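Thanks for making the time this morning. I would like to take you through the two ligands in this model and the space around them, so please keep the view open while I talk.

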Amino acid sequence: MSGKLIIISAPSGCGKSTIIHDLTQRGNIDMTFSVSATNRKPRQGEIDGVHYHFLTNEAFHDRIAAGDFLEYEEVYPGRFYGTLKSEINRALDAGTNIVLDIDVKGGINVKRLYGERAIAIFIQPPSVDELRRRLENRGTESREVIDERIARAEFELSLAPQFDTIVVNDNLDEAVDRAEKTILNFIAQ
Ligand code: ADP
Ligand code: 5GP
């Protein structure tokens, strides 16, 4: 059977990584994770080649020039993230499903490229206030960066209707259940 793409998009802090982690832990969906490239520095605990391919600014731009990206975005000023064609092709050629944790514009672009072979899932926070609380509690960004992410989130939330499905991440287990059912259904089609 040929592999499919599972796109998980949302503003930063809505729970994409947490939901993908929980889905992986449950082990009910046969899928690998698409490791994106970025020019941002690793956070504590992040491993090169596992969480991201961490590239220098120069290397990232060389890969753009070489046409290596399926899509890339300057998600925050000066900070680039992109999906490598090699990452997706390797999985699809092997008939493996692949899950992408990518920003909202990137998610829409990949869905456009892959059509019925992809499902685009939007993770929505219960409210913008709760999103801010989660970003603050996560403690990985400064107040300035959190303000930047919230400002962008307000625009990104307006793009949710362009996705195949919206999963509200209020209660985490319920959100993981919803995502799991949706993905299993899609894979079985
Ligand atoms: P993203 O990958 O979309 O940026 P994360 O998965 O890192 O978001 O989640 C942001 C923060 O919110 C993390 O600290 C995570 O533990 C927390 N979080 C995720 N889902 C929930 C939830 N349903 N209720 C409360 N906190 C949550
Ligand atoms: P973070 O710095 O918190 O890891 O990620 C910031 C944002 O970049 C998140 O919204 C994440 O989904 C997005 N992102 C990660 N990888 C990619 C990618 O390959 N392409 C795009 N367009 N966005 C990505």
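Let me begin with ligand 2 and the side chain of R149, which brings an N or O atom to 3.2 Å from an oxygen atom of the ligand. This is a predicted model, so please hear every distance I quote as a value computed from predicted coordinates. Ligand 2 has an accessible area of 510 Å² on its own, and the protein covers 95% of that.

Two further polar contacts belong in the same picture. An oxygen atom of ligand 2 has a polar side-chain atom of S36 at 2.7 Å, while a nitrogen atom of ligand 2 has a polar side-chain atom of D103, likewise at 2.7 Å. Both S36 and D103 are among the closest of the 18 residues that surround this ligand, and the others named as closest are Y52, E71 and Y81.

What does the shell around ligand 2 consist of, in terms of nonpolar, polar and charged residues? Eight of its residues are charged, six are nonpolar and four are polar. In terms of secondary structure, strand 5, strand 6 and strand 7 each contribute at least two residues to that shell, and strand 5 has the largest share, with four residues.

I turn now to ligand 1, where the shell is made up of 13 residues, and where G13, S17, T18, R138 and N169 are the closest. Here the side chain of T18 places an N or O atom 2.5 Å from an oxygen atom of the ligand, and a polar backbone atom of K16 lies 2.9 Å from an oxygen atom of ligand 1. On the nitrogen side, a nitrogen atom of ligand 1 is 3.3 Å from an N or O atom in the side chain of R134. Taken on its own, ligand 1 has 570 Å² of accessible area, of which the protein covers 75%. The elements that give two or more residues to its shell are helix 1, residues 16-26, and helix 5, residues 128-138. Helix 1 makes the greatest contribution, with three residues. By class, this shell divides into six polar, four charged and three nonpolar residues.

Where, then, does ligand 2 sit? Ligand 2 sits in the largest pocket, and the space taken by ligand 1 is the largest pocket as well. That pocket holds about 1000 Å³ of space. It is lined by 43 residues, and those closest to its centre are K16, S17, F33, Y52 and D101.

Several elements give two or more residues to this lining: helix 1, helix 5 and helix 6, the last of these spanning 143-157, together with strand 2 (31-33), strand 5 (69-76), strand 6 (79-84) and strand 7 (97-102). Which of them gives the most to the lining of the largest pocket? Helix 1 does, with seven residues. As for the chemistry of the lining as a whole, it divides into 16 nonpolar, 14 polar and 13 charged residues.

To close on the ligands themselves, the protein covers 95% of the accessible area of ligand 2 and 75% of that of ligand 1.

Key. Residues are numbered from 1 along each chain as its sequence is written. Chains are lettered from A and ligands numbered from 1 in the order in which they are written. This is a predicted model: local features need pLDDT of at least 70, side-chain atom pairs count only at pLDDT 80 or more; totals for chains, interfaces and linings use all residues. Side-chain values use heavy atoms; hydrogens and water are left out. A residue is near a molecule or strand if one of its heavy atoms lies within 4 Å of it. A polar contact is a pair of N or O atoms within 3.5 Å; within protein, one must be able to donate a hydrogen and the other to accept it, and residues adjacent in sequence count only if both atoms are side-chain atoms. Accessible areas come from the Shrake-Rupley method with a 1.4 Å probe; for residues, only the protein chains shown count as cover. On a 1 Å grid over the protein atoms alone, a cavity is a set of points where a 1.4 Å probe fits but cannot get out, and a pocket is an open set with protein on both sides within 12 Å along at least five of seven lines; lining residues have an atom within 4 Å of a point. A molecule sits in a cavity or pocket if more than half of its atoms lie within 2 Å of its grid points. Ala, Val, Leu, Ile, Met, Phe, Trp, Tyr, Cys and Pro count as nonpolar, Asp, Glu, Lys and Arg as charged, and the others, Gly among them, as polar. Grid points are joined across faces, edges and corners, and a volume is the space filled by probe spheres set on the points.
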